[in-house]
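This briefing sets out selected features of one protein model, grouped by topic. Please read it alongside the sequence and the structure.

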Amino acid sequence: MSNTILEIHNLKTYFHTEEGIVRAVDDVSFHIQEGEILGLVGESGCGKSVTSLSIMGLVPVPPGKIEDGEILFKGKDLLKMSDKELQKIRGDEITMIFQEPMTALNPVSKIGDQIAEVLEFHSDLSKKERWEKAVEMIRLVGIPEPEKRADSYPHEMSGGMRQRILIAMALIKDPSLLIADEPTTALDVTIQAQILDLIKKLNEQFHSAVLLITHDLAVIAENADRVVVMYAGKMVESADVKTLFGNPKHPYTRGLLKSIPVLGEPDKKLHIIEGNVPNLIDLPPGCPFYNRCPEAMDRCINELPVITTLEEGHTVRCHLYGEENK
Ligand code: SF4
C-alpha cells in the first residue's frame, strides 16, 4: 500500500491588498500518495499556483499570508517549520518546475554548473563528481551530446531543452515530490507532449510523486492518476481520472470537459462556460459558480455548499449533492 507524501488540510492563503482581502486559496484539502501524479486543474486565477507556492513556502509576505490550515509533508507540518528546516526540505525532498524556463535559469552561468550547483548545497560530492552527475542528468532527460550541452549557456538552447534542464535540476536530488506548475505553457505544442511524456517516464523511474498544475484537462487525462478541480480559490471536485472523466458531477467540471476539442470532430462547436471567474475580493456569500451555473437553484445564491463525499475518493462541493438531496 502506498504512503501518503503530502496532506493539505483546510488551507487558506489570503492576500491583503489596498482593495481588500483576496481569498486566493480558501479551505482547500487534498493529499498525494507516494509515486502518484495528482492533477490540479482550473482556470487562471482559481488558486492553483498559490496552492503550490504555499507548499513551497514561497508566498510573498506581505501581502500574502497563510491564514489557516496544515500542510503535512511525510506527517510533519511545513507551516510550523523554521526557515532552515523548510529550505532543506525544499532543496532535497520537494522540488518545483516553473512555467517559464528562460527566467528560471541564470543566463550567465553554464548549464552544467547550474545543475551541479544544486548538489553543492545538498550533497557531499566533489566538484568533479557534481559535474559528472550533471552530465548524467542531462543525458537522462533526453538531450543529445550531454557533455557539450553541460558546457553551454541557456541562450544556446531551445525552450524545450531549457525545460528539460529544469526537470534535470528538479530531479537530481531524487525528490519525493515534484511540483510542475504549467510546465509546458511556454512551449510549442509538439514540444509540450515530449515534456509531459518525460515527466511521466521520470515519475515511473524515480517514483517521485508529482503535483501537475494545469488549466488543460486534456493534459490531466493523459498524465494524472487523480484530479482536484479548483474554482475561485476553492476545491469543487476530486476523483480518480477515470471517475472524473466518466462521471463528472460538478457543473463546472462538466463545463470544462465539454470545452475539450474532440479529435475527428473539427466542425463541432466548442462549449464555452459563459462569464468569468468572480472577483476574489468580493465573493458572493453563496456558491462562487452561481452566476455561470446552468443548474443553479435559489439556495445557491446565499448558501456556500460544503464538500460531500459521493463514494470513496470522489468528492464534490455543490448543493445538487448535499445530504438533503440524497
Ligand atoms: Fe451550481 Fe448551485 Fe452547484 Fe453552485 S451549488 S455549482 S450554483 S448547482
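In β2, the residue bridged to Leu11 is Val28. The model is predicted, and the points below begin with the sheet that contains this pair before turning to the hairpin near Thr309, the ligand site, the empty spaces and selected backbone conformations.

**The four-stranded sheet**

- Strand β1, which covers residues 4–17, runs antiparallel to β2, and eleven bridges join the two.
- Two residues separate β1 from β2, and the pair forms a hairpin.
- The open sheet is made of four strands in the order β2-β1-β4-β5, with antiparallel pairing.
- The edges are held by β2 (20–33) and β5 (76–77); each has a single partner strand, so one side of each is left without a neighbour in the sheet.
- At the β5 end, strand β4 (residues 64–73) pairs with β5 in the antiparallel sense over two bridges.
- Within that pairing, Phe73 stands opposite Lys76 of β5.
- Strands of a sheet pair through backbone hydrogen bonds, in either a parallel or an antiparallel sense.

**Helix α1 and the loop that leads to β4**

- Helix α1 spans residues 48–56 and is mostly covered, with seven of its nine residues buried.
- Those buried residues are Lys48, Val50, Thr51, Ser52, Ser54, Ile55 and Met56.
- Gly57, placed just after α1, adopts a positive phi of about 70 degrees.
- The loop between α1 and β4 contains Pro62 and also Pro63.
- The peptide bond from Val61 to Pro62 is cis, its omega being near -20 degrees.
- The peptide bond from Pro62 to Pro63 is likewise cis, with omega near 10 degrees.

**The β11–β12 hairpin**

- Strands β11 (residues 307–311) and β12 (residues 314–317) pair in the antiparallel sense over four bridges.
- Opposite Thr309 stands Thr315 of β12.
- The two strands form a hairpin with two residues between them, and Gly313 in the turn has a positive phi of about 85 degrees.

**The ligand and the largest cavity**

- Which space does the ligand take? The ligand takes the space of the largest cavity.
- About 80 Å³ of space lies in this largest cavity.
- The largest cavity is lined by 13 residues, and those closest to its centre are Pro251, Cys287, Cys293, Cys300 and Cys318.
- By class, the lining of the largest cavity divides into ten nonpolar, two polar and one charged residue.
- The ligand itself is surrounded by 13 residues, the closest being Cys287, Cys293, Cys300, Cys318 and His319.
- The shell around the ligand comprises ten nonpolar residues, two polar residues and one charged residue.

**The second largest cavity**

- The model has two cavities of 30 Å³ or more.
- The second largest cavity has a volume of about 30 Å³.
- Its lining consists of Tyr231, Val236, His250, Cys287, Pro288, Phe289, Pro305 and Arg317.
- Six of the residues lining the second largest cavity are nonpolar, one is polar and one is charged.
- Cys287 thus appears in the lining of the second largest cavity and among the residues closest to the ligand.

**The second largest pocket**

- The second largest pocket has a volume of about 270 Å³.
- It is lined by 13 residues, and His215, Leu256, Ser259, Ile260 and His271 lie nearest its centre.
- The lining of this pocket has seven nonpolar, three polar and three charged residues.

**Positive phi outside glycine**

- Asp174 is a residue other than glycine with a positive phi, near 55 degrees.
- Asp174 lies in the loop between α7 (159–171) and β7 (177–181).
- Is Asp174 buried or partly exposed? Asp174 counts as partly exposed because its relative accessibility is 45%.
- Glu182 also has a positive phi without being a glycine, in this case of about 45 degrees.
- The loop between β7 and α8 (189–206) holds Glu182.
- Glu182 counts as buried, because its relative accessibility of 8% falls under the 20% cut-off.

Definitions and conventions. Residues numbered from 1 in each chain as written. Predicted model: local features only at pLDDT ≥ 70, side-chain atom pairs only at ≥ 80, totals over all residues. Heavy atoms only, no water. 1 Å grid on protein atoms, 1.4 Å probe; cavity = no way out; pocket = protein on both sides within 12 Å on 5 of 7 lines; lining within 4 Å. Points joined across faces, edges and corners; volume = space filled by probe spheres on them. Nonpolar A, V, L, I, M, F, W, Y, C, P; charged D, E, K, R; others polar. Buried < 20%, exposed > 50% of the residue type's maximum accessible area, 1.4 Å probe, protein only. Pairing = 2+ DSSP bridges. Near = heavy atom within 4 Å. Sits in = over half its atoms within 2 Å of the grid points.
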